[in-house]
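Visitor: Please give me a close look at one part of this model. Keep it brisk, and show me what surrounds that part.

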Amino acid sequence: MVREKVRVSTRTLQWKCVESRIDSKRLYYGRFILSPLMKGQADTIGIAMRRILLGEMEGTCITRAKSEKISHEYSTIVGIQEPVHEILMNLKEIVLKSNLYGIRDASICFKGPGYVTAQNIILPPSVVIVDNTQHIANATEPIQLCIGLQIERDRGYRINTLKNFQDGSYNIDAIFMPVRNANHSIHSYVNGNEKQEILFLEIWTNGSLTPKEALYEASRNLIDLFIPFLHAEEEKLNFENNEHKVTLPLFTCHDLLAKTKLK
């Protein structure tokens with residue numbers, strides 16, 4: 001179990017992981033609690049964390065596929081059991097892990113017959129496949145299957161409205177979100193004369209990061225959103241402290257020499 005304490009006013013907030021499990025390579029689960037909170041605080045934190053976890057977390061996935069053998073989405077490739085649209089759907093489901101920024105190229109070069117899986121993807125050094133067994137296609141004949149891939153890191157999801165092929169290239173609907181689901185619940189209780197709450201937070205991830213890592217990253221993202229307000233308050237205090245001070249103009253050596261020549 002993981003525990004950490006944070007001092008807030010006269011209360012000590014404590015969070016811990018009460019449950020953690022790996023259901024599969026692409027499904028991690030974690031359950032966390034934070035307490036004691038004042039009435040209403042648990043819902044405020046829970047809603048904010050859930051939105052950050054589901055909408056602001058960055059992930060990596062395949063966003064484009066290119067092959068000379070692909071004419072359109074619903075075509076077939078000789079010697080491949082699956083139609084093209086099913087292969088594209090399988091590529092969409094591949095879970096990747098990376099810290100890359102920008103666009104990177106990858107590829108598949110497979111000689112059949114045999115099953116094409118995620119382990120047959122040739123990746124740049126900064127990208128790792130979470131589950132090498134993910135199925136892509138089944139080559140039933142001794143053919144050469146070559147597919148160029150494009151990999152990106154972003155947040156949220158990207159639905160491509162234009163489905164037309166260009167030069168054998170096809171955009172894949174991208175789901176960058178590493179957090180599959182997040183829920184929060186609240187347990188209220190009375191401590192003396194004060195009503196307090198316990199926040200329960202459940203996180204499911206796709207295996208590219210653990211629920212604990214997702215919790216840390218979401219917390220940092222949420223804190224970053226409030227930093228401008230803190231800076232604004234500091235600027236206001238500095239302005240109030242210097243309000244009655246007179247600032248003398250600054251002269252450079254060049255200015256002083258110029259004035260001396262004028263005299």
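Guide: Start at a loop. P113 sits in the loop between β6 (103–111) and β7 (114–117). Helices (H or I, at least four residues) and strands (E, at least two) are DSSP runs, numbered from the N terminus. The bond from G112 into P113 is cis, with omega near 0°. Most peptide bonds are trans. A cis bond also links S35 to P36, with omega at about -10°. P36 belongs to strand β3 (residues 27–38).

A word on the model. It is predicted: local features need pLDDT of at least 70, side-chain atom pairs count only at pLDDT 80 or more, and totals for chains, interfaces and linings use all residues. Residues are numbered from 1 along each chain as its sequence is written, and side-chain values use heavy atoms, with hydrogens and water left out.

Now the part for a close look: the second largest pocket. A pocket here is an open set of points on a 1 Å grid over the protein atoms alone, where a 1.4 Å probe fits, with protein on both sides within 12 Å along at least five of seven lines. This pocket holds about 230 Å³ of space. That volume is the space filled by probe spheres set on the points, which are joined across faces, edges and corners.

What lines the second largest pocket? Its lining has 15 residues (each with an atom within 4 Å of a point). Nearest the centre lie S98, N99, R153, S208 and L209. Strands β4 (58–66) and β5 (96–98) and helix α3 (211–241) each give two or more residues to the lining. By class, 3 lining residues are nonpolar, 6 are polar and 6 are charged. Nonpolar covers Ala, Val, Leu, Ile, Met, Phe, Trp, Tyr, Cys and Pro; charged covers Asp, Glu, Lys and Arg; the others, Gly among them, are polar.

Where does this pocket sit? Domain 1 (14–57 + 179–225) and domain 2 (59–175) both give lining residues, so the pocket lies between them. The domain bounds come from an automatic or database domain assignment.

Take R153 from the centre of that lining. R153 is in strand β11 (residues 144–155). At 18% relative accessibility, R153 is buried. Buried means under 20% relative accessible area, exposed over 50%, and partly exposed in between (1.4 Å probe, protein chains only). The C-alpha atoms of R153 and S98 are 7.9 Å apart, though 55 residues separate them along the chain.

Next, two elements that help line the pocket, β4 and α3. C61 lies in β4. With a relative accessible area of 2%, C61 is buried. The C-alpha atoms of C61 and I172 are 9.6 Å apart, with these positions 111 residues apart in chain terms. A214 lies in α3. A214 counts as buried, at 0% relative accessibility. From A214 to V179 is 35 residues along the chain, and their C-alpha atoms are separated by 7.5 Å.
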